[in-house]
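Got a few minutes to look around a protein model? Have the sequence and the 3D view open, and let's take a tour.

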Amino acid sequence: MRRAPLLPWIALLWTALLAGGAAAQALPERLAACAACHGAGGAPAPLANTPTLAGQPPVFLENQLVMIREGLRDIPAMKGLLDGVSDADLTAMARHFAEQTIRPQPGARDAALFARGQQLADGNRCASCHLPSYAGREQMPRLAGQREDYLLHAMRQFLSGQATGRNTIMAASLHGLKDDDLKALAHHLSQLAP
């Protein structure tokens, strides 16, 4: 009787142990890992160009977590963090952040920039998807009170084609806007009461 090579079985066992470790990690430990970049309770995020998660629609958060886990949305800082995490745990994480209190983002309002951003938001019909309050809904993120730097970063990614795994309608919605327009939009949305 011929024996199967040992190496493939060791690799399978190692993979199972790693997946089991990720699955065994408790929700509080996962949330503590999230806080390192996104802030305690999902706000305020301590790192530049990192979104505030607090108060986001749970469906939006859950969809993003699944896409990151499956490699459909590439975020280098999150590579491997969601490997082996069950759908139920992703749902629990999304629910946790959705239920957190949104804290106003720091920064003074520039009246002219705010007004220009409002004009652009109205002209581009941003509220038709994100709601007139910009609170978001279902798979549409909350924009009101989001970090200004993150909003600008995300819009630049959409325009440059680097927003992989995210809604392509956004690239079309922002088409033709200049960087100064994006800055005004980001300022306006970040200054809105969440």
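What follows is a short walk through the cores, a helix pair and a few single residues.

Keep in mind that this is a predicted model.

Let's begin with the inside. In soluble globular proteins, nonpolar side chains tend to be buried together. The largest nonpolar core here has 20 residues, and the members that touch the most others are Y134, M155, L174 and L185. At least two residues of this core come from each of α5 (111-123), α7 and α9. Which helix gives the most to this core? That's α9, with five residues.

Now zoom in on M155. Setting aside neighbours within four places in sequence, M155 is in contact with L174, L182, L185 and A186. There is also a second, separate core, made of 14 residues, and L31, F60, A94 and F97 are among them.

Next up is a pair of helices, α3 (58-69) and α4 (residues 87-98). How do they pack? Their axes are 8 Å apart, and the angle is about 135°. An angle over 145 degrees would count as roughly antiparallel, and 65 to 115 as roughly perpendicular. The angle of about 135° fits neither range, so α3 and α4 are oblique to each other. Their crossing is right-handed.

Which residues make the contact between α3 and α4? On the α3 side you'll find P58, L61, E62, L65, V66 and R69, while α4 brings D87, L90, T91, M93, A94, F97 and A98. Sorted by class, that contact has nine nonpolar, one polar and three charged residues.

Time for some single residues. H187 sits in helix α9 (residues 179-191). Is H187 buried or exposed? Its relative accessibility is 3%, and the cut-off for buried is under 20%, so H187 counts as buried. Not counting residues up to four places away in sequence, H187 touches A108, R109, D110, L113, F114 and E148.

Finally, check out two backbone angles. N49 and E138 each have a positive phi without being a glycine. Here they are side by side:

| Residue | Phi | Loop |
|---|---|---|
| N49 | near 60° | between α2 (27-38) and α3 (58-69) |
| E138 | about 45° | between α6 (127-130) and α7 (148-160) |

How does N49 compare with the cut-offs for burial? With a relative accessible area of 36%, N49 is neither under 20% nor over 50%, so N49 is partly exposed.

Technical notes:
Residues are numbered from 1 along each chain as its sequence is written. This is a predicted model: local features need pLDDT of at least 70, side-chain atom pairs count only at pLDDT 80 or more; totals for chains, interfaces and linings use all residues. Side-chain values use heavy atoms; hydrogens and water are left out. Helices (H or I, at least four residues) and strands (E, at least two) are DSSP runs, numbered from the N terminus. Buried means under 20% relative accessible area, exposed over 50%, partly exposed in between (1.4 Å probe, protein chains only). Contact means heavy atoms within 4.5 Å. A nonpolar core is a set of buried Ala, Val, Leu, Ile, Met, Phe, Trp, Tyr and Cys residues joined through side-chain atoms within 4.5 Å. Axes are lines fitted to C-alpha atoms, for helices over the stretch in contact, and angles run from 0 to 180 degrees between N-to-C directions. Angles under 35 degrees count as roughly parallel, over 145 as roughly antiparallel, 65 to 115 as roughly perpendicular and the rest as oblique. A crossing is left-handed if the near helix is turned anticlockwise from the far one by less than a right angle, and right-handed if clockwise. Ala, Val, Leu, Ile, Met, Phe, Trp, Tyr, Cys and Pro count as nonpolar, Asp, Glu, Lys and Arg as charged, and the others, Gly among them, as polar.
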